[in-house]
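I opened this entry to keep track of what I looked up, residue by residue. The notes follow in the order I made them.

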Amino acid sequence: MVTVARHPGPIRRLGTVRHLGPNWYSAVMGTAAVATAGAGLPLHIPGLRTLCTAVWALSLLLLLALLGARARHWTRHRDQARAHLLDPAMAPFYGCLSMALLAVGGGALTVGRDWIGSAAAVALDAVLFVAGTAIGLAAAVAVPYLMAVRHRIEPSQATPVWLLPLVAPMVSAALGPLLVPHLPPGQARETLLLASVAMFGLSLLATLLMLPLVFARLITGGPLPLALTPTLFLVLGPLGQSTTAVGAFADVAPGVVPAPYSEGFGILAVLYGVPVMGFALLWSGLATAHVVRARRHGMGFAMTWWAFTFPVGTCVTGAAALARHTGLVVYEGLAVGLYAVLVVAWAAAAVHTARGLLSGALLAAPRTALVVPRPVTGRTTSGAVR
């Protein structure tokens, strides 16, 4: 038995929010990533920054629209909202709310200030950073708690989606340093920097606890269901974002923390970032192979396609950080190449999402239908996938 979408009538195709889940914030995250990653590329392309600023403005509009729609969802459809919290497949997406707020806020300081001014950009980022960080820390505790005491989960159900609430504090860690120069010198700056380092640590250790469950499920249980296969790219999120974070620490540490700690952050940016980016490239190859296989077996569009965007964007900013701190051209090329992948993935996800909204399919109520099992996902007695 699987869940498929019921197409509503033409009158009710638009405007319904009953089945609008927190996973929709991934579209905001992916759009903001295109803007911030493009602005940080180690090359100059005429008009690119203006285009990135326009994309950031789009992400801000999407965020405002979704916040309004989700508020309506909670006020008018509390039963469905509660069902989302108690659904182990949907609850982890509450981490996306935090990351959407943080991504748009960071984009305000990165590119949005070109249009709204520095003062407004700092104020907007400060508000969204505080809200996003608070929600992210709450989700990092609440969602695993619900998974332990309320959800009924089997090891075979493990997916990369479980990483989402744990990655949110890492986004705060990577974007917190942007606000450090705008605080008064002394205690305030050092406190924010070290708070960002603390969130880096808690997110990294939590991810290291969860990732083995995901990898073990993949190896022992076979490929993920077709619609969930794109979520394999979510693993790139903590890898690329942590590399971005240590690079950001090194950028702002001089003058904020005393020597030798300031120099230590520069060393950490390279000694941590290089091997982690290497593993990110390994995982991207594995995830791409699974996606190609799933596509051949009939994988269609789902909102999980947005997993191709924000995680890849974190690898773009991570590679750009390594380019700054190593001076190696290879990392500049890697950042540019990954950004090209990001733009293509964002365009594909955005076009399909727009079509799904116009048709009503993405906001339609799910229904249950019988599906003939696919022999291609079966396993032989030796454990090989057929």
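I began with V316, which is buried at a relative accessible area of 1%. The model is predicted, and I read each entry below with that in mind. V316 sits in helix α10. I then listed its contacts, leaving aside neighbours within four places in sequence: A37, L41, A335, L338 and Y339. I also looked up one pair distance for V316. I135 is 181 residues away in sequence, and the C-alpha atoms of the two are 25 Å apart.

**Cysteines**

I stayed in the buried set and turned to C315, whose relative accessible area is 4%. How many disulfides does the structure hold? My search returned zero. For C96, the nearest cysteine sulfur is that of C315, 16 Å away, and C96 is in no disulfide. The cut-off I needed here is 2.5 Å between cysteine sulfur atoms. C315 is likewise in no disulfide, with the sulfur of C96 as its nearest at 16 Å. C96 is buried as well, at 2% relative accessible area.

**T326**

Next I went to T326, which also lies in helix α10. Is T326 buried or partly exposed? At 26% relative accessibility T326 counts as partly exposed, because the buried class stops under 20%. I found two side-chain reaches to backbone atoms. One goes from T326 to the backbone oxygen of L322 at 2.6 Å. The other goes from T326 to the backbone nitrogen of L328 at 3.2 Å. Setting aside neighbours within four places in sequence, I noted that T326 is in contact with V270 and Y331. For a pair distance I took V246, which is 80 residues from T326 in sequence and 13 Å from it in space, C-alpha to C-alpha.

**T243**

I moved to helix α8, where T243 is placed. T243 is buried, with a relative accessible area of 0%. I listed what T243 touches, not counting residues up to four places away in sequence: Y272, G273, V276, M277, G318, A321 and L322. L322 had already come up in my notes, as the residue whose backbone oxygen the T326 side chain reaches.

**T304**

I looked up a third threonine, T304, in the loop between α9 (261–296) and α10. Is T304 buried or exposed? T304 is buried, at a relative accessible area of 16%. I found that its side chain reaches the backbone oxygen of A227 at 2.6 Å. A227 is also among the residues that T304 touches, and I recorded L228, P230 and T231 with it, not counting residues up to four places away in sequence.

**Salt bridges**

I then searched the whole structure for salt bridges and found two. The general point I kept in mind is that side chains of opposite charge can pair when their charged atoms come close.

The first I wrote down is D114 with R49, where the closest N and O atoms are 2.5 Å apart. D114 is in helix α4 (residues 94–116) and R49 in helix α2, so the pair ties together parts 65 residues apart in sequence. I checked the exposure of both partners. D114 is partly exposed at 38% relative accessible area, and R49 is partly exposed at 31%.

The other is R324 with D251, the closest N and O atoms being 2.6 Å apart. Which parts of the chain does this pair link? R324 belongs to helix α10 (residues 310–326) and D251 to helix α8 (residues 236–252), so I noted distant parts of the chain, 73 residues apart. R324 counts as partly exposed at 48% relative accessibility. D251 counts as partly exposed at 39%.

**Surface patch**

Last, I looked for nonpolar patches on the surface. I recorded one of about 210 Å², made by L43, I45 and V336. I placed I45 in the loop between α1 (25–39) and α2 (48–76). At 40% relative accessibility I45 counts as partly exposed. A residue needs over 30% to enter a patch, so I45 qualifies on that score.

Technical notes:
Residues are numbered from 1 along each chain as its sequence is written. This is a predicted model: local features need pLDDT of at least 70, side-chain atom pairs count only at pLDDT 80 or more; totals for chains, interfaces and linings use all residues. Side-chain values use heavy atoms; hydrogens and water are left out. Patches are made of residues with over 30% relative accessible area and no salt bridge: like charges are joined within 9 Å, nonpolar side chains (Val, Leu, Ile, Met, Phe, Trp, Tyr) within 5 Å. Accessible areas come from the Shrake-Rupley method with a 1.4 Å probe; for residues, only the protein chains shown count as cover. A salt bridge is a side-chain nitrogen of Lys or Arg within 4 Å of a carboxyl oxygen of Asp or Glu. Helices (H or I, at least four residues) and strands (E, at least two) are DSSP runs, numbered from the N terminus. Buried means under 20% relative accessible area, exposed over 50%, partly exposed in between (1.4 Å probe, protein chains only). A polar contact is a pair of N or O atoms within 3.5 Å; within protein, one must be able to donate a hydrogen and the other to accept it, and residues adjacent in sequence count only if both atoms are side-chain atoms. Contact means heavy atoms within 4.5 Å.
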